[in-house]
Amino acid sequence: MKATVNVQEHILVWSDAALKIMDVRHIVIQAGEYVRPYLFPASAFLYVTHGSATLNLDGNEHAAKRFYMLHGGKGTRLDIILTDESFHYYLIFYKASLPLSGVQHTLSHTDRQMPFRLQYGFIPLHPAILYELAERMLGEWLEQGRLERLHVKTLFYQFVYELLRQMDQQQVSVVRPNLTSQLIRYMQEHYAEPLTRETLAHTFHYSVPYLSKHFRRETGASIIDFLIRIRMNKAGALLQQTDLSLQEISASVGYADVSYFIRMFKKHTGVTPKQFKDESVQVAKGSYRPIIRLGSSIVPRRIRRYIDIRDDNHYQYSEKGDLLMYRSKLPVGITLLLCLTLLLSACSGPTNTKGATGSGTTQSPTVGAENNSSNAAIGNTTGSSEMVTYSAVNGDVQIPKNPQRIVMVAGAFTGHLLALGLKPVGTGDESFTSYTEGKLDDVANIGNDVPYEKIMELQPDLIVVWNDAETIEKLSKIAPTVAVDYGIPLREQLMDFGKMTGREEQAKAWIAEWDAKIAEFKPIVEQAVGDRTVSIFDSGSAKEFYAYGSFGRGGDIIYGEFGLKAPPIIQKEAIDSGQGWAKLSLELLPEYAGDYIFISGWTGDENAAPVFEGNVWDNLPAVQNNHVYRENSRGFVFSDPISLEAQLTFVVDSLTKTK
């Protein structure tokens with residue numbers, strides 16, 4: 001489903017925007033020519049003046065004819081396919097930002113640049129005015145004088161005003177970019193770089209859990225697994241088509257360790273790189289593997305890139321100072337979405353059910369362990385010597401059948417071990433909360449980073465880490481390393497840890513006890529709350545606050561286990577959207593406030609108190625009825641079993657107590 005933005009909100013954003021015009025062009029494409037796909041160096045308006053073409057903007061197709069108006073943000077990929085004898089259009093690049101005074105008007109879920117990355121396309125009812133303004137902008141831009149450039153900016157404001165006026169009249173939908181399509185395109189272009197979930201989340205301005213959950217929901221695959229598939233298909237094409245050495249191919253697809261690359265390649269293709277190369281000669285005879293068949297379609301087309309020299313104001317220009325466009329006679333390749341379909345259908349290897357297999361069978365620590373180096377068991381002095389295959393997020397990993405010395409780099413999951421009667425030898429700083437007081441007294445705090453030397457000193461026989469390929473590769477040289485994802489349902493996640501640690505029965509017992517508690521308290525809570533709504537807020541900062549959905553901060557229990565109602569706008573923006581939270585300004589507080597309000601104070605700025613006081617706050621029904629409950633514990637943020645046990649007590653006591 002496409003996420004749309006109200007045009008009136010968009011107008012508010014533009015009224016506060018600071019603008020700079022980057023380039024104005026009029027481009028003509030003749031029949032038989034093909035404009036190579038390219039990325040917008042800045043936000044842009046594309047305005048058609050003659051002919052017709054299919055315009056593909058990040059996988060969204062637009063049948064563009066005369067006077068068609070299209071908008072896309074920086075980094076947007078544009079493909080143009082002619083459907084007429086010629087195609088003429090204006091291209092106006094601009095850079096916009098919002099000053100601090102305009103932050104209150106920004107759109108939900110977006111950073112201060114996102115409003116100018118939105119996509120929309122339509123034919124205005126009154127195109128002549130826009131055509132005249134675009135023509136005048138081009139004429140002034142080509143003069144290149146300072147006064148003329150100032151005039152261009154003035155004309156651009158008129159252009160935007162007229163455009164927004166007509167959009168409002170025509171009720172045009174403003175659509176956020178397709179995040180999955182952008183992620184795939186980015187990975188296809190940067191697969192040789194050390195990409196991680198964290199770097200991708202930073203690039204696209206989303207949290208790691210949201211980005212991972214969104215991508216898996218849209219594609220059925222994790223981000224890292226999808227990236228590995230892209231790399232393996234590229235490697236297959238290079239093995240087929242070149243005489244490069246394994247070292248050169250490994251490096252070109254992002255792997256510095258050749259032996260690790262060979263293990264990964266064999267896992268995803270069923271053969272070693274050498275066997276693959278030897279068998280590729282059979283292609284001409286009609287006997288070939290899926291990866292060979294996909295070799296040419298998976299390799300991303302080279303895209304004309306605008307090069308930042310020092311900042312966003314520097315691009316490669318032609319002699320006349322215009323943004324340089326390249327044309328080619330090459331045919332159009334397979335589209336991005338078809339590429340996605342082929343990847344998921346043809347390249348998927350045999351799937352495994354999560355958990356340990358081969359129990360009772362002694363295996364070599366390195367056989368089939370694609371994520372472990374030959375010295376993976378270093379420091380395993382106290383755990384079981386028997387190894388089993390565990391199917392994790394990062395693939396099949398050889399781990400001890402009953403690990404004894406576990407290091408939780410992904411500290412948010414430490415509560416899962418504690419619920420199983422296990423205690424790690426080391427864990428991240430986020431594990432040490434008020435809810436775990438007394439439970440981790442003799443456990444080493446390894447901090448928030450990944451201190452490899454300190455982890456090695458702990459002599460682990462198993463390491464649990466976030467799903468980051470680079471970190472996994474390094475830690476696997478210390479001990480078997482298993483990756484986990486945030487956002488997996490409680491019961492499923494705990495059973496995974498039970499299988500990982502040989503404690504499935506303990507996991508089942510905890511779940512049974514949890515289900516009994518929910519069955520006991522749910523009718524009591526339902527009777528107390530009835531049909532009224534519940535909100536979960538976080539103070540955030542002095543100027544804004546957050547509403548949360550069904551994951552963390554008591555949401556697993558309030559909305560998940562008890563099925564209580566959220567205000568409609570929270571249901572839509574924080575729960576149904578899958579994002580899990582919504583960023584709010586103070587004037588929207590009454591709209592988001594339920595009949596009961598829970599406030600998580602741990603992550604908020606200490607200066608944020610004014611958000612939850614004053615006339616607006618005091619007049620809320622929840623405040624007047626003493627239905628506001630604050631929990632400042634760090635553990636209130638998490639969704640592990642230990643945190644949820646404490647949250648359950650707090651939620652039930654809060655909702656069932658009398659005034």
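1. What pLDDT does the chain average, and what percentage of the residues score at least 70? This is a predicted model; its chain averages a pLDDT of 76, and 75% of the residues score at least 70.

2. Two stretches call for caution. Over residues 1-5 the pLDDT is below 50, although this stretch has 13 contacts in the model beyond near neighbours in sequence. Residues 284-384 also have pLDDT below 50, and here the contacts beyond near neighbours in sequence number 229. Where pLDDT is low, predicted coordinates should not be read in detail.

3. On the chain as a whole: 23 helices and 24 strands are assigned. Of its 659 residues, 53% count as buried. The exposed area is about 29100 Å², with carbon and sulfur atoms supplying 50% of it. Of the contacts between residues at least 6 apart in sequence, 71% join residues at least 24 apart.

4. One sheet deserves a separate point. It is open, has 5 strands with parallel pairing, and follows the order S17-S16-S15-S18-S19. Strand S17 (444-445) and strand S19 (481-484) form the edges, each pairing on one side only.

5. Within this sheet, strand S15 (residues 406-408) and strand S16 (residues 426-427) run parallel and are joined by 2 bridges. Opposite Val407 stands Gly426 in S16.

6. Helix H16 (residues 490-501) packs on the sheet, where it touches S15, strand S18 (462-466) and S19. The direction of H16 makes about 175° with that of S19.

Key: Residues are numbered from 1 along each chain as its sequence is written. This is a predicted model: local features need pLDDT of at least 70, side-chain atom pairs count only at pLDDT 80 or more; totals for chains, interfaces and linings use all residues. Side-chain values use heavy atoms; hydrogens and water are left out. Two strands pair if DSSP finds at least two bridges between them. Helices (H or I, at least four residues) and strands (E, at least two) are DSSP runs, numbered from the N terminus. Contact means heavy atoms within 4.5 Å. Axes are lines fitted to C-alpha atoms, for helices over the stretch in contact, and angles run from 0 to 180 degrees between N-to-C directions. Buried means under 20% relative accessible area, exposed over 50%, partly exposed in between (1.4 Å probe, protein chains only). Accessible areas come from the Shrake-Rupley method with a 1.4 Å probe; for residues, only the protein chains shown count as cover. pLDDT is the predictor's confidence in each residue, from 0 to 100.
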